[in-house]
Amino acid sequence: QAIKWGLLTQNVAKLASVPKRHHVEPEVPTPEQVEQIVQEARTVSPAMADLFIVAALTGARRGELCGLKFTDWNSETHELRIARSIYELPKGAWGEKSTKTHSVRRVQLDALAELALQRRLEAAHDEADAAGVAMHDYAFIFSDGTSRGTRPFLPMAVTVAFGKAAKAAGVVTHLHVLRHWSATMMVAHGVPITTVSKRLGHSGSNITLGIYSHRLPGQDAQAAALLGSLLDGEQLALEAG
């Protein structure tokens with residue numbers, strides 16, 4: 001902009017030496033460790049425990065999880081619509097914004113994820129009935145339970161709760177690792193990288209490959225075995241002889 005205004009003759013930012021970025025790969029917990037964390041969380045907050053389950057099974061970002069509403073869940077098609085993210089403001093205030101890539105995505109749910117959502121729906125109705133009010137039409141799935149679902153869990157509260165549950169379970173990790181766990185498990189079990197990318201909400205498969213390509217060495221061996229199985233090795237060996 002300064003160049004357009006005639007204040008500079010060249011972009012001085014291009015002369016800067018960018019420091020090297022040191023990427024530290026997070027230690028991904030085992031499925032058993034994830035289960036232990038969820039169990040510890042449930043002793044304190046069943047709602048947080050269910051949020052952690054959905055986090056692990058969808059790979060959704062922290063703000064996206066907080067922004068989920070019951071209207072985003074289609075129990076007939078077993079889909080969850082991820083369309084917004086919650087961010088925090090001073091003095092406990094919060095706001096809504098679009099997802100990181102400004103797109104809306106739909107992810108398929110398994111029975112365990114839907115059970116967690118069903119528990120939250122039943123709890124929301126019970127809390128509304130106890131208060132003698134109707135549940136809000138656009139209630140948040142993960143809410144404090146005192147606002148008819150109009151106030152979601154805030155991202156930092158979720159991070160703190162996960163940290164406490166992980167510590168109680170004796171697991172050294174943090175909330176965002178659940179997203180890495182989800183991606184790592186999918187890649188390790190042969191889910192196509194395009195599917196992994198869409199579930200995570202990456203803007204392109206190249207981003208997913210850049211982060212998780214080191215998790216794919218076994219698939220190269222599988223690819224070699226597949227290609228070899230398509231040809232008649234014995235026949236080719238006889239012909240060569």
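User: Is histidine 78 buried, partly exposed or exposed, and what is its relative accessibility?

Analyst: Happy to start there, and please keep in mind that this is a predicted model. Histidine 78 lies in the loop between β1 and β2. Residues between the 20% and 50% cut-offs are called partly exposed. Histidine 78 therefore counts as partly exposed, at a relative accessibility of 34%.

User: What is the phi of histidine 78?

Analyst: Here is some background for this one. Most residues other than glycine have a negative phi. Histidine 78 is not a glycine, yet its phi is positive, at about 60°.

User: Which residue in the loop between β4 and β5 has a positive phi, and how exposed is that residue?

Analyst: The loop between β4 (94-97) and β5 holds histidine 102. Its phi is near 60°, a positive value in a residue other than glycine. The cut-off for exposed is over 50%, so histidine 102 counts as exposed, with a relative accessible area of 65%.

User: How many salt bridges does the structure hold?

Analyst: One of them joins the side chains of arginine 61 and glutamate 64, and another joins those of aspartate 72 and arginine 84. For the structure, the number of salt bridges is 9.

User: Which arginines form salt bridges with glutamate 64, and at what N to O distances?

Analyst: Glutamate 64 lies in helix α3. Its side chain also makes polar contacts, with arginine 61 and with arginine 105. The salt bridges of glutamate 64 are with arginine 61 at 2.8 Å and with arginine 105 at 2.7 Å.

User: How many residues apart are glutamate 64 and arginine 105?

Analyst: Their side chains meet in a salt bridge. This pair links distant parts of the chain, with glutamate 64 in helix α3 (residues 62-66) and arginine 105 in strand β5 (residues 105-108). The two residues are 41 residues apart.

User: Are glutamate 64 and arginine 61 buried or exposed, and what are their relative accessible areas?

Analyst: The cut-off for buried is under 20% relative accessible area. Arginine 61 has a value of 15%, so it counts as buried. Glutamate 64 is buried too, with a relative accessible area of 1%.

User: Which residues are joined with aspartate 72 and arginine 84 into one salt-bridge network?

Analyst: The side chains of aspartate 72 and arginine 84 meet in a salt bridge of 2.6 Å, N to O. Aspartate 72 sits in the loop between α3 and β1 (73-74), and arginine 84 in the loop between β2 (79-82) and β3 (85-88), 12 residues apart. Both residues are buried. Salt bridges that share partners join this pair into one network with Lys69, Arg81 and Glu96.

User: What is the nearest side chain of opposite charge to arginine 199, and how far away is it?

Analyst: Arginine 199 lies in helix α7 (residues 193-200). A salt bridge needs a nitrogen to oxygen distance within 4 Å, and arginine 199 is buried yet has no salt bridge. The nearest side chain of opposite charge is that of aspartate 110, at 6.8 Å.

User: Which backbone oxygen lies 3.1 Å from a polar atom of the arginine 199 side chain?

Analyst: Although arginine 199 has no salt bridge, a polar atom of its side chain does have a backbone oxygen at 3.1 Å. That oxygen belongs to glutamine 108.

User: Which residues form the negative surface patch?

Analyst: One member, glutamate 127, is found in helix α4 (residues 111-131). Patch residues need over 30% relative accessible area, and glutamate 127 is partly exposed at 37%. The patch is formed by Glu122, Asp126, Glu127, Asp129 and Asp144.

User: What is the accessible area of the nonpolar surface patch that includes Leu15?

Analyst: Leucine 15 lies in the segment before α1 (31-42) and is exposed, with a relative accessible area of 56%. Its partners in the patch are Ile3, Trp5, Leu7, Leu8 and Val12. Together these patch residues have an accessible area of about 650 Å².

User: How far apart in space are proline 152 and glycine 95?

Analyst: Proline 152 lies in the loop between α4 and α5 (155-169) and counts as buried, at 3% relative accessibility. Proline 152 and glycine 95 are 57 residues apart in sequence. In space, C-alpha to C-alpha, the two are 10.0 Å apart.

Notes: Residues numbered from 1 in each chain as written. Predicted model: local features only at pLDDT ≥ 70, side-chain atom pairs only at ≥ 80, totals over all residues. Heavy atoms only, no water. Patch = residues over 30% accessible without salt bridge, like charges linked within 9 Å, V, L, I, M, F, W, Y side chains within 5 Å. Areas by Shrake-Rupley, 256 points an atom, 1.4 Å probe, with all protein chains shown as cover. Helix = DSSP H or I, 4+ residues; strand = E, 2+ residues; numbered from the N terminus. Buried < 20%, exposed > 50% of the residue type's maximum accessible area, 1.4 Å probe, protein only. Lys, Arg positive; Asp, Glu negative; His and termini not counted. Charge placed at Lys NZ, Arg CZ, Asp CG, Glu CD. Polar contact = N/O pair within 3.5 Å; in protein donor to acceptor, adjacent residues only side chain to side chain.
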